[in-house]
Structure formats: C-alpha cells, structure tokens
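Subject: Structure for you to look at, with notes

Dear colleague,

I am passing on the structure we spoke of, and below it you will find my notes on what turned up when I went through it. Please read them with the structure open beside you.

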Amino acid sequence: MAYVIGASCVDIMDRSCMEECPVDCIYEGERKLYINPVECIDCGACEVACPEQAITVDRKADPEHRADNRRFFEEVLPGRDAPLGTPGGAGAVGPLGADTALVGGR
C-alpha cells in the first residue's frame with residue numbers, strides 16, 4: 001500500500017485528491033475516501049493536494065487506519081454482496097455509499 005487517508009477526512013471529503021490522482025485509485029465511501037493499495041502508483045499527488053492533510057504514506061500512517069483502508073477493499077461493505085476488490089478505477093464505480101465499521105461507527 002502506498003498512501004492512506006486518515007481520520008481527518010471523515011465527514012470532510014474535499015475530493016481534491018481524487019482530481020489529482022493520475023490512476024483514479026481513490027474511492028468514495030459514505031463518509032470517507034479510501035485509496036486502493038493495489039491500484040496506487042505511489043506518486044504522492046494526492047498527499048500534496050489534500051487541504052486537510054489527511055493523506056500520508058502507509059509506513060507513517062496510523063496502523064488502525066492503514067488496516068481499515070485495506071478492509072474497505074477486502075471485506076464486504078454494508079449493502080454490498082461481495083468485496084470491492086480491485087475494480088480498476090473509482091470513476092467507473094462511483095460513490096459506494098458505505099464505509100468500513102471503523103468509519104461507520106464514528
């Protein structure tokens with residue numbers, strides 16, 4: 001995983017990072033954005049674009065949010081039948097309207 005979006009994105013979702021991402025790997029939950037760890041190319045464009053300073057490289061990210069970011073793609077989210085996985089770009093998927101238990105429970 002290259003980058004992780006942390007707690008300061010919850011209920012803010014400025015989306016500047018989505019506009020700057022050259023590979024469209026930032027997905028929209030209901031209350032927070034998530035970076036697909038497989039699709040991310042580690043360019044850092046999202047980190048610089050985020051006005052909330054919510055994005056950090058994975059090795060410096062809060063371990064709870066690093067694991068939570070991965071769960072968004074690997075576990076079945078509320079209202080879905082299967083894990084999101086690696087669909088190849090957030091634009092084709094659109095807003096998912098669901099979050100992980102960590103974010104949904106806050």
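Please keep in mind throughout that this is a predicted model. I have grouped the notes by topic, beginning with the cysteines.

Cysteines

At 15% relative accessibility, C21 counts as buried, and C25, which lies in the loop between α1 and β2, is buried as well, with a relative accessible area of 3%. The closest cysteine sulfur to that of C21 is the one in C25, at 3.6 Å, which is too far for a bond, given that a disulfide is taken as a pair of cysteine sulfur atoms within 2.5 Å. C50 is likewise buried, its relative accessible area being 13%, and the cysteine sulfur closest to its own, in C17, is 6.1 Å away, again too far for a bond. In keeping with this, a search of the whole structure finds zero disulfides; a disulfide, after all, is a covalent bond between the sulfur atoms of two cysteines.

C25 is also of interest for its place in the fold, since its C-alpha atom and that of G91 are separated by 8.7 Å, although the two residues are 66 residues apart along the chain. A contrasting pair is G79 and T56, which are 23 residues apart along the chain but have C-alpha atoms separated by 29 Å. G79 is found in the loop between α3 (63-74) and α4 (90-93), and with 86% relative accessibility it counts as exposed.

Salt bridges

The search of the whole structure finds four salt bridges, and I describe some of them here. R31 forms one with D11, the closest N and O atoms being 2.7 Å apart. Because R31 lies in the loop between β2 (26-28) and β3 (33-35), and D11 in the loop between β1 (3-5) and α1, the pair ties together parts that are 20 residues apart in sequence. The two partners differ in their surroundings, for R31 is buried, with a relative accessible area of 17%, whereas D11, at 51% relative accessibility, counts as exposed.

Helix α3 holds further examples. The side chains of D68 and R71 meet in a salt bridge, with an N to O distance of 3.4 Å, and these two residues both lie in α3, three residues apart, which is about one turn of the helix. D68 is buried, with a relative accessible area of 0%, while R71 is partly exposed, with a relative accessible area of 29%. E74 forms a salt bridge with R70, where the closest N and O atoms are 3.7 Å apart; E74 and R70 are four residues apart in helix α3 and are therefore separated by about one helical turn. R70 is partly exposed, its relative accessible area being 32%.

Surface charge

On the surface, D14, E19, E20 and E52 form a negative patch. One of these residues, E20, has its place in helix α1 (residues 16-20) and is partly exposed, with a relative accessible area of 45%.

Backbone

Two residues deserve a look for their backbone angles, bearing in mind that most residues other than glycine have a negative phi. M13 has a phi near 35°, a positive value in a residue other than glycine, and Q53, which is not a glycine either, has a positive phi of about 50°. M13 lies in the loop between β1 and α1, and Q53 is found in the loop between α2 (45-49) and β4 (55-57). Where they part company is in accessibility: M13 is buried, with a relative accessible area of 8%, whereas Q53, at 71% relative accessibility, counts as exposed.

If you go through the structure in the order of these notes, you might begin with C21 and C25, whose sulfurs are 3.6 Å apart, then turn to the salt bridge between R31 and D11, and finish with the positive phi values of M13 and Q53.

With best wishes

Conventions
Residues numbered from 1 in each chain as written. Predicted model: local features only at pLDDT ≥ 70, side-chain atom pairs only at ≥ 80, totals over all residues. Heavy atoms only, no water. Patch = residues over 30% accessible without salt bridge, like charges linked within 9 Å, V, L, I, M, F, W, Y side chains within 5 Å. Areas by Shrake-Rupley, 256 points an atom, 1.4 Å probe, with all protein chains shown as cover. Lys, Arg positive; Asp, Glu negative; His and termini not counted. Charge placed at Lys NZ, Arg CZ, Asp CG, Glu CD. Buried < 20%, exposed > 50% of the residue type's maximum accessible area, 1.4 Å probe, protein only.
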